[in-house]
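Student: I've got a new model open on my screen and I'd like to talk through its charge pairs and its sheet. Can you walk me through it?

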Amino acid sequence: MGERLLLVSTNYAPEQAGIGPYATQIAEHLAARRAAEVHVLAGMPHYPAWRLDPAYRGTWRAEERRAGVLVHRRRHAVPPRQTAVRRALYEASILAGGLVAPPRMARPHAVLAQVPSLAGGVLAARIARRHRVPYLPIVQDLMGAAAAQSGISGGGRAASAASAVERRMLRGATLVGVIHDSFRDRVRALGVPPERIRLVPNWSHVRAPSPGARAATRERLGWPPGSAVLLHSGNMGLKQGLDVLVDAAREAPELRVVLMGEGSQRARLAARAEGLPNVTLLPPAADADFPEVLAAADILVVTQRAAVLDMSVPSKLTSYFAAGRPVLASVAGEGGTAAEVRRSDAGRLVPPEDPAALAAAARELAADPAAADALGARGAAYARDHLSRAAGLGRVTALLDEALALAADARTNGEGS
C-alpha cells in the first residue's frame, strides 16, 4: 500500500492569491514526487474577494480531482466584511462542515494543515489524533496576534480566545512549521517546545517575468514611459492599511498608484481615491500575465498597519522579489516583513502609516532608475538563491519525513517496552 496523506487548507486552487497557491503546490508535489495518494479538505474558493466563486454557488459538498489530488470541498460562510464576530462565524462554519462531513478516505499516514484557519487546524489535529498519525501544522498567520494587530472590529476581545484555540491546536502537533523566524517566539509562548519548531519558508510560486515584455505590458496597461508606477498587488484587507498608499498619491500627484486585487476594503479604498486621477484600481491579473504586470511597475509596494508585527509575512513578497523590481515597504521596522526586506537587500523601508515618508521614498527611487534597477536585481537573485519552489517544497517534504520517522521510532519503542 502506498503513502496516503491528508492536507487541510481552507484555501486552495483555483484561488490565485494568499495561501491557496502554496497549499496547491504542496499537495500536487506530494502526489507527483512521492507517488502518494493525496487528499485535501478545502473550502469553497472565495479569496481574496471574500465572495463565493460563482462556479460554486449552490454547492454544499464537492469532490474534484485536480492534478492527481482529490479535493474534498465543504461549504462555509463567506463574510464580505471582516469583524471579529463574522470571522468567528466563518471559522465555526468551516469547523461544522468538516465535522459533519469529513473527507471519505482510508486511514492517512500523516495529516498536514495550512494554518491561518483555526478551524482547519482543529479539524486536522482531530483527524490525526483519531488515526494516531503525525499532525503537521504549517503556520502562515498567527490568528491570535492577527485579531489583536489587524484592526478588525472587536479583534481585541477575540485575541485571547483565538490564542487559546491556537495553543491547543499547536501543542499537540508532532512538529510545527513556521514560515518566518519572527513567528518562533510567539509559537513558543503558545506552549510548543522549541525543539519541535521548524522553519519552512514560503517560496516564489510564480515564474520569472519574460525578458523584453516590460514595454509592451506597460503600453497595454496604459502606463506611459516616464510615468513612475507604484503597484500594490494582493489582498485589500484591514491589516494592509492601504489608506497610506492612497494618501501618498495625494501627496505626490506625479506618481501613479495602482491597487491591483480584491478584498474587504476595496470599495472603501475606491471611495477614498475618488477624485485622484493618479490612483487606479485593477482586478487581479490573470496567472499568465501576473509576472509581467509586476515587472512592468517601477516600484512594488507592501504596506501594513503599524500594529502588525509578528502575525504575518505577506506572501506577495516572494512574487515581488521574483519580478525584479524594487520593493518599497511601509511596515513596522521590528516586524517579520521588514526583516525579509532587509535580508533580501531588495528594497527600502519607511515608517508605517506615514504617507509623506512613503511619497518621499517613492520620489527618490523614481529619480534614480539605476539604483532602483540594482535593488530589483538583488531581489531577483534572492528569489533564485533562497526562494525557489524546489527548495521550499523540499523543506516541506523534509518536515513530513522527519515526522514520519519520529512516529516510526515511537511505535518501535512502544512495541519494545
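Tutor: Sure, with one definition to start: a salt bridge here is a side-chain nitrogen of Lys or Arg within 4 Å of a carboxyl oxygen of Asp or Glu. Keep in mind that this is a predicted model.

Student: How many salt bridges does a search of the whole structure find?

Tutor: Side chains of opposite charge can pair when their charged atoms come close. Searching the whole structure for such pairs gives a total of 23.

Student: How far apart are the closest N and O atoms of Arg51 and Glu262?

Tutor: Arg51 sits in the loop between strand 2 and strand 3, and Glu262 in the loop between strand 10 and helix 9, so the pair links parts of the chain 211 residues apart. A salt bridge needs the atoms within 4 Å. For Arg51 and Glu262 the closest N and O atoms are 3.7 Å apart.

Student: Does Glu262 count as buried or exposed?

Tutor: The cut-off for buried is under 20% relative accessible area. Glu262 has 14% relative accessibility, so Glu262 counts as buried.

Student: Which residue meets Glu254 in a salt bridge?

Tutor: The N to O distance is 2.6 Å in this one. Glu254 is in the loop between helix 8 and strand 10, while its partner is in helix 13, 109 residues apart. At 45% relative accessibility Glu254 counts as partly exposed, and the partner, at 36%, does too. That partner is Arg363.

Student: Which residues are linked with Asp243 and Asp247 in a network of salt bridges?

Tutor: Here the salt bridges join up into a network. Besides Asp243 and Asp247, its members are Arg250, Arg268 and Arg272.

Student: On to the sheet: which strands stand at the edges?

Tutor: This is an open sheet of six strands with parallel pairing, in the order 11-10-9-12-13-14. An edge strand has a single partner strand, so one side of it is left without a neighbour in the sheet. Those are strand 11 and strand 14.

Student: What is the average twist from one strand to the next?

Tutor: Follow the strand order 11-10-9-12-13-14 across the sheet. From one strand to the next, the twist averages 25 degrees.

Student: Which residue in strand 14 is the bridge partner of Ala329?

Tutor: Strand 13 and strand 14 run parallel and are joined by four bridges. Ala329 has its bridge partner in strand 14, and that partner is Leu349.

Student: What angle does helix 12 make with strand 14?

Tutor: Helix 12 covers residues 336-344 and lies across strand 12, strand 13 and strand 14. Its angle to strand 14 is about 145 degrees.

Note on methods: Residues are numbered from 1 along each chain as its sequence is written. This is a predicted model: local features need pLDDT of at least 70, side-chain atom pairs count only at pLDDT 80 or more; totals for chains, interfaces and linings use all residues. Side-chain values use heavy atoms; hydrogens and water are left out. Helices (H or I, at least four residues) and strands (E, at least two) are DSSP runs, numbered from the N terminus. Buried means under 20% relative accessible area, exposed over 50%, partly exposed in between (1.4 Å probe, protein chains only). Two strands pair if DSSP finds at least two bridges between them. Axes are lines fitted to C-alpha atoms, for helices over the stretch in contact, and angles run from 0 to 180 degrees between N-to-C directions. Contact means heavy atoms within 4.5 Å.
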